[in-house]
Amino acid sequence: MQNTQNIQDIVAHFRIEGEVDSISPLKIGHINDSYIIRNKKEGHPSYFLQRINHHIFRDVAGLQQNISLVTDHLRRKLSEAGETDLDRKVLQLITTTGDKLYHKDAEGNFWRMYINIEEAQSFDTITPGLAYKAGCAFGRFQAMLSDLPQEELIETIPNFHNMEFRLEEFNEALKLDKAGRALNPEAQYYIKEIQKRAEAMCLPQRLYREGKLARRINHCDTKVNNMLFNKQGEAICIVDLDTVMPGLVLSDFGDFMRTAANTGAEDDRDLSKVGINLEIFEAYAKGYLENAAFLSDIEIEYLAFGAKLLSYMQTVRFFTDYLNGDTYYKIQHPEHNLQRTKAQFKLLQSQEEHFAGMQAIVNRYKNK
Ligand code: GN1
Ligand code: MG
């Protein structure tokens with residue numbers, strides 16, 4: 001995080017209305033740094049400023065262009081549907097004084113700004129009622145984007161949810177063992193468990209190659225806390241659009257379940273708390289399937305698999321970062337990535353145990 005004076009200088013490069021009152025850093029996300037800029041002048045918005053992690057998002061211009069295309073498209077759709085108050089329903093980028101979608105500072109950092117959505121809340125754990133609304137909202141989100149041509153978007157992180165690629169990264173990390181962590185018995189246990197499932201977990205990637213599963217425009221980070229709700233508990237806006245790009249819908253469905261349909265936290269120290277929450281699973285599946293009319297039979301058939309896949313993928317990604325010496329995710333303590341690995345793997349085991357139940361839920365709500 002930067003000091004306030006530096007941030008003030010950055011803010012001055014954007015076309016904001018009113019006058020800066022206060023700047024406060026926000027502790028959200030594992031990747032970018034975020035700040036809220038409050039306005040001194042009444043009637044003017046507050047703003048959300050982010051330093052984009054350009055080591056992870058290598059093509060910042062392409063990334064910002066994606067977000068601009070997607071938010072313009074969503075705004076047009078909502079407006080055609082007669083919706084109002086659009087700045088609370090779709091992220092609104094603020095351009096720089098040079099009319100660009102981001103600002104590059106003298107140190108080579110990249111910054112972007114949005115209008116901040118006031119009186120909104122996000123949750124790390126939710127009720128079935130909210131999960132149902134989130135399911136409806138993510139289903140509508142994909143439906144609204146279904147006629148935006150995929151070729152117009154870049155892959156902001158190539159192979160982002162490609163399991164074969166994530167396993168290649170894992171194997172490379174294992175071979176190099178940069179942090180000298182691979183040989184300890186605990187790590188050995190997770191290595192074997194990852195390897196045991198590797199082939200089965202690459203099935204969707206094979207189905208895609210065979211032309212059986214299609215790619216659509218996905219969010220690719222449908223964590224429960226990327227959904228904003230208003231004070232009345234209505235889902236209002238989907239945020240964190242860095243990874244909106246073509247992908248398999250099972251991964252968006254799965255990532256929500258990974259984060260919301262878990263009785264514990266993503267990085268719970270107490271593994272006895274971690275497991276699938278089938279009530280949340282059911283509520284979200286119902287809302288999603290009611291709104292995602294575009295899905296093919298085979299896409300529906302693999303939704304529950306998507307939940308297992310995303311927990312497995314996140315186990316592999318956290319563990320790979322642990323083996324690499326914690327270079328990707330922000331960590332709060334030295335063993336954080338191992339702790340995350342354990343919690344994600346525990347969730348996967350619980351999903352494996354309840355897989356038939358998850359499939360039955362999806363079957364109950366399809367075509368309704
Ligand atoms: C990262 O943006 P954030 O921190 O919510 C990651 C996701 C992971 C998630 C795990 C660009 O998301 O893919 O699922 O952490 N984003 C990127 O919590 O790698
Ligand atoms: Mg993100």
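## The cavity

One cavity of 30 Å³ or more is present in this structure, which is a predicted model. The largest cavity has a volume of about 30 Å³. If you would like to find it in the viewer, look for Gln142, Leu145, Ser146, Arg216, Ile217 and Phe294, which line it.

Two elements each give at least two residues to this lining: helix H3 (128-145) and strand S8 (216-218). By class, the lining of the largest cavity holds three nonpolar residues, two polar ones and one charged one.

## Helix H4 against helix H10

Let us turn to the helices. Helix H4 covers residues 163-176 and helix H10 covers residues 303-323; the two pack with their axes 9 Å apart, at an angle of about 25 degrees. Angles under 35 degrees count as roughly parallel, and H4 and H10 are therefore roughly parallel to each other. Their crossing is left-handed.

On the H4 side, the residues in this contact are Met163, Arg166, Leu167, Glu169, Phe170, Ala173 and Leu174. They meet Leu309, Tyr312, Met313, Val316, Arg317, Phe319, Thr320 and Leu323 in H10. Sorted by class, the contact of H4 with H10 comprises eleven nonpolar residues, one polar residue and three charged residues.

## Helix H4 against helix H5

H4 also packs with helix H5 (residues 185-201), here at an angle of about 150 degrees and with the axes 11 Å apart. That angle makes H4 roughly antiparallel to H5, since angles over 145 degrees are counted that way. The crossing of H4 and H5 is left-handed.

Which H4 residues meet H5? They are Met163, Leu167, Phe170 and Leu174, and their partners in H5 are Ile191, Ile194, Gln195, Ala198 and Met201. The contact of H4 with H5 has eight nonpolar residues, one polar residue and no charged residues.

## The second largest pocket

H4 appears once more at the second largest pocket, where H4 gives the most to the lining, with seven residues. This pocket has a volume of about 520 Å³. Its lining consists of 23 residues, and those nearest the centre of the pocket are Phe165, Arg166, Glu169, Asn324 and Tyr328. H4 and H10 are the elements that give two or more residues to this lining.

How does the lining of the second largest pocket divide by class? There are eight nonpolar, five polar and ten charged residues. Two residues are worth finding again in the viewer: Arg166 and Glu169 are among those nearest the pocket's centre, and both also belong to the contact of H4 with H10.

Note on methods: Residues numbered from 1 in each chain as written. Chains lettered and ligands numbered in written order. Predicted model: local features only at pLDDT ≥ 70, side-chain atom pairs only at ≥ 80, totals over all residues. Heavy atoms only, no water. 1 Å grid on protein atoms, 1.4 Å probe; cavity = no way out; pocket = protein on both sides within 12 Å on 5 of 7 lines; lining within 4 Å. Points joined across faces, edges and corners; volume = space filled by probe spheres on them. Helix = DSSP H or I, 4+ residues; strand = E, 2+ residues; numbered from the N terminus. Nonpolar A, V, L, I, M, F, W, Y, C, P; charged D, E, K, R; others polar. Axes fitted to C-alpha atoms, helices over the stretch in contact; angles between N-to-C directions. Parallel < 35°, antiparallel > 145°, perpendicular 65-115°, else oblique. Left-handed = near helix turned anticlockwise from the far one by under 90°. Contact = heavy atoms within 4.5 Å.
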